[in-house]
Amino acid sequence: MDPVLNFKYLLRFEKRYGQMANGSLCVTKAMQHGLAQNWGIRATVLYDRPPEFFCPTSLQEKHKVSLSPSWATTGIGADDQNETLFTTQVDNDILLKPNRPALVVSSTSWTPDEDFGILLEAAVMYDRRVAALLDENDSADEGVLWKEISGGKQYLYPRLLFIITSRSPEKGKYEEKIKRLNLKRVGFRTMWLSAEEYPLLLGSADLGVCLHTSSSGLDLHVKVADMFGCGLPVCVVSYSRIDELVKVEKNGLLFSSSSELADELLVSVLYLTKTIDALKSLKNGALETCSSARWAAEWEEHAKPLISEVL
């Protein structure tokens with residue numbers, strides 16, 4: 001069946017049987033309004049919220065996750081159990097390295113709803129801008145730069161390490177694109193993590209990037225809610241209704257172009273050098289967003305009463 005015809009058929013199906021339901025749930029106020037306006041369906045908003053195990057990661061856990069087999073597959077895993085790219089163990093204490101790269105996480109499926117090209121263009125811009133600011137040349141191999149960081153070399157502008165978590169047939173195509181960019185101050189690694197490791201990665205990161213846009217303009221990305229649960233601020237591509245989740249300069253930042261994202265990356269990661277506190281404020285805002293609104297609480301407040309009412 002033609003995809004367009006199939007979509008129209010599904011809409012008719014949903015409209016007809018949705019109107020027969022005893023109760024309805026939706027994921028945004030915008031969707032609630034649309035259902036009422038167009039289909040005469042009264043729905044209760046049930047926002048996606050992270051479960052309790054999405055939470056900030058301790059220094060001990062950050063050290064442990066950086067030593068995991070998943071990191072070894074990226075080519076920058078640690079050989080020394082006392083040293084990782086981000087942490088060092090001194091006796092029984094785990095410390096963050098002052099010269100560590102900024103760790104940026106993006107969870108993508110490389111679908112039409114996500115323009116991954118924006119992130120690649122922003123990475124190139126960051127790389128070139130830092131090179132110009134520091135008057136650096138591009139003669140060094142990328143691997144040398146990571147070895148220099150491991151050896152203690154410090155940079156005025158932190159190196160960026162993007163971890164892309166995904167399993168997709170499109171992954172190989174984008175990995176080839178990344179290699180051809182010849183980036184020197186930005187690294188990309190793809191990684192697939194277990195359900196136990198994924199929250200630890202989010203809690204270990206400095207910044208999240210979400211490239212998801214809603215084809216309907218009425219839903220939100222659950223991955224952003226998971227990031228907030230871990231106290232991870234986000235840079236999110238702007239589209240209508242995203243303001244129901246992302247509050248600009250409180251828990252995240254919005255961008256509409258690769259240039260805007262590059263600007264946000266440059267400003268956000270400077271907190272690693274102790275020159276600005278912008279990202280610290282965003283981290284606190286991300287935690288506050290989910291401090292009283294976890295999945296269990298959201299279910300108890302909005303879904304359970306509706307179900308009890310219609311039973």
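Student: What makes strand β8 (residues 207-210) and β9 a pair?

Tutor: Two strands pair if DSSP finds at least two bridges between them. Here 3 bridges join β8 to β9, and the two run parallel, so the criterion is met. C210 stands opposite V236 in β9. This is a predicted model, in which local features need pLDDT of at least 70 and side-chain atom pairs count only at pLDDT 80 or more, whereas totals for chains, interfaces and linings use all residues. Residues are numbered from 1 along each chain as its sequence is written, and side-chain values use heavy atoms, with hydrogens and water left out.

Student: How are the strands themselves delimited?

Tutor: Strands are DSSP runs of E with at least two residues, and helices are runs of H or I with at least four; both are numbered from the N terminus.

Student: What pairs with β9 over 4 bridges?

Tutor: Strand β10 (residues 252-255) does, in the parallel sense. V236 stands opposite L254 of β10.

Student: How do you know which strands are at the edges?

Tutor: The open sheet has 6 strands in the order β7-β6-β5-β8-β9-β10, with parallel pairing. β7 (186-191) and β10 each pair on one side only, and these are the edge strands. From one strand to the next, the twist averages 20°. Within this order, 2 bridges join strand β5 (residues 102-107) to β8, where V104 has L207 as its bridge partner.

Student: Why are both faces of strand β9 (residues 234-237) called covered?

Tutor: V234 and V236 on one side, and C235 and V237 on the other, are all buried; buried means under 20% relative accessible area, exposed over 50%, and partly exposed in between (1.4 Å probe, protein chains only).

Student: Why are α5 and α10 described as oblique?

Tutor: The axes of α5 (residues 116-134) and α10 (residues 258-269) come within 8 Å and cross at roughly 55°. Axes are lines fitted to C-alpha atoms, for helices over the stretch in contact, and angles run from 0 to 180 degrees between N-to-C directions. Angles under 35 degrees count as roughly parallel, over 145 as roughly antiparallel, 65 to 115 as roughly perpendicular and the rest as oblique. The two helices are therefore oblique to each other.

Student: What makes the crossing of α5 and α10 right-handed or left-handed?

Tutor: A crossing is right-handed if the near helix is turned clockwise from the far one by less than a right angle, and left-handed if anticlockwise. α5 passes α10 in a right-handed crossing.
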